[in-house]
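Reader: Can you walk me through the helix packing and the nonpolar cores here?

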Amino acid sequence: MLKATKIRLYPTREQAEFLNRQFGSVRFCYNTGLRIMSHRYKRHGQSLSAKYDTKKLLPVAKKSRKYGWLKEADSVALAQACINLDKAFQRFFKEKKGYPRFKRKRGKQSSYHCMSVSCGESWVKVPKLGPIKARVHRSVEGKLKSITLSRTVTGKHYASLLYETEQPVPEPMTAIDATKVLGLDMGLSHLAIDSTGRKVANPRFIKQVQKNLKRKQQSLSRKQKGSSKRAKARLLVAKAHERVADARSDFQHKLSRQIVDDNQAVIVETLKVNNMMKNAKLAKHIGDASWHALIAKLAYKAKEQGKHLVKIDPWFASSKTCHVCQHKMDAMPLNIRSWACPTCHTRHDRDINAALNIQHQGILKLKAEGLSVSAHRGLRKSGMPPVAAVEVGSSVR
Ligand SMILES: [Zn+2]
């Protein structure tokens, strides 16, 4: 089983300067590759299907006088930059994701190393550089596979270590208790609503750091362009961003841990996020809720325990369908929070009804995959009135 851990690094000034050049070389390879690919794409358009290997250009560039300085960097990192670019193009063509963007000097930097890497109790080592001081919280037993170095916008260095442990990946469960299948819906007023009627709000501490971020952003917008005050304000905004991201990630780790520990299968809807992202007004809310990041955390935690994370397409209109009688409403505007089914007269809380539909669809999908899902024992009460919705919000840590 592969295990990852992220640790903080404390490079000396010389090491930081070397890393800066290393990151610069990686960025150069990515951006140059992107420039070449963009040129080809413009000329050949969608027909650009054959994999064009920018990696092959690396040895040529290293031999040239102009780009000879690329030799100073770890060659694995440069090759990986080309692979990452290729992946970005694959996502663009196959998954219809956005067109790859240039890496910015001011943005987050990273470089990947997998040859001659090592790690000790208080250091990590990558090629062409002495051991870098590190804070290792816990040693992971197993074989070190790779180290990805990164530098945040605020100048903090990190290393993500990937280990291969002796422990095998647990076999996925084949028999699932239906009462341990959780449908999870993303809401606008809440981060998540589940099929037991629980609504998880974004906790207060995240709202506080967000407020702080907003204040810093306003302050930045008032500073004159190119001034040193603006540069300082920009750093403060980056730090505030980092605090928001850290707080959110911390909360999502705890929430996903609890959800996976308590259930055998978790069902989530995926495409809706993409559709909603197109609506600019909603994008902010969803960005805040960062549904994608939560799903990613649920996915790997579930895998570690042999549990299931089922992603379903929202084609069945989870919000518009009555989960009791399957009556489908023509429209369900976003401002309607609760509604009554015209056929079976059940009163629904909009979000809980959707979560129950998601749970139901997930069970069907699990069964279709050949798993045995034991029948409902009436534990899930249908048509839960909105008053029964339990607000858990900030109590979940
Ligand atoms: Zn109904």
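Author: What follows covers two helix pairs and two cores. This is a predicted model, where local features need pLDDT of at least 70, side-chain atom pairs count only at pLDDT 80 or more, and totals for chains, interfaces and linings use all residues. Residues are numbered from 1 along each chain as its sequence is written, and side-chain values use heavy atoms, without hydrogens and water.

Reader: At what angle do the axes of α1 and α3 cross?

Author: Roughly 40°, with the axes of α1 (residues 13-44) and α3 (residues 75-94) coming within 9 Å. That makes α1 oblique to α3, as oblique covers angles outside under 35 degrees (roughly parallel), over 145 (roughly antiparallel) and 65 to 115 (roughly perpendicular).

Reader: Which residues of α1 and α3 meet?

Author: Among them are V26, C29 and L34 in α1 and A77, L85 and F92 in α3, with contact meaning heavy atoms within 4.5 Å. By class, the α1 and α3 contact has 14 nonpolar, four polar and no charged residues.

Reader: Switching to cores. Which residues touch the most other members in the largest one?

Author: L184, L255, I259, V268, W291 and L298, out of 26 residues. A nonpolar core joins buried residues (under 20% relative accessible area, 1.4 Å probe, protein chains only) through side-chain atoms within 4.5 Å. α5 gives the most to this core, with nine residues. A second, separate core of 19 residues includes V26, L34, A77 and F92.

Reader: And how do α5 and α8 cross?

Author: Their axes come within 9 Å and cross at roughly 40°. That makes α5 oblique to α8. By class, the contact of α5 with α8 has eight nonpolar, four polar and four charged residues.

How values were computed
Axes are lines fitted to C-alpha atoms, for helices over the stretch in contact, and angles run from 0 to 180 degrees between N-to-C directions. Helices (H or I, at least four residues) and strands (E, at least two) are DSSP runs, numbered from the N terminus. Ala, Val, Leu, Ile, Met, Phe, Trp, Tyr, Cys and Pro count as nonpolar, Asp, Glu, Lys and Arg as charged, and the others, Gly among them, as polar. Buried means under 20% relative accessible area, exposed over 50%, partly exposed in between (1.4 Å probe, protein chains only).
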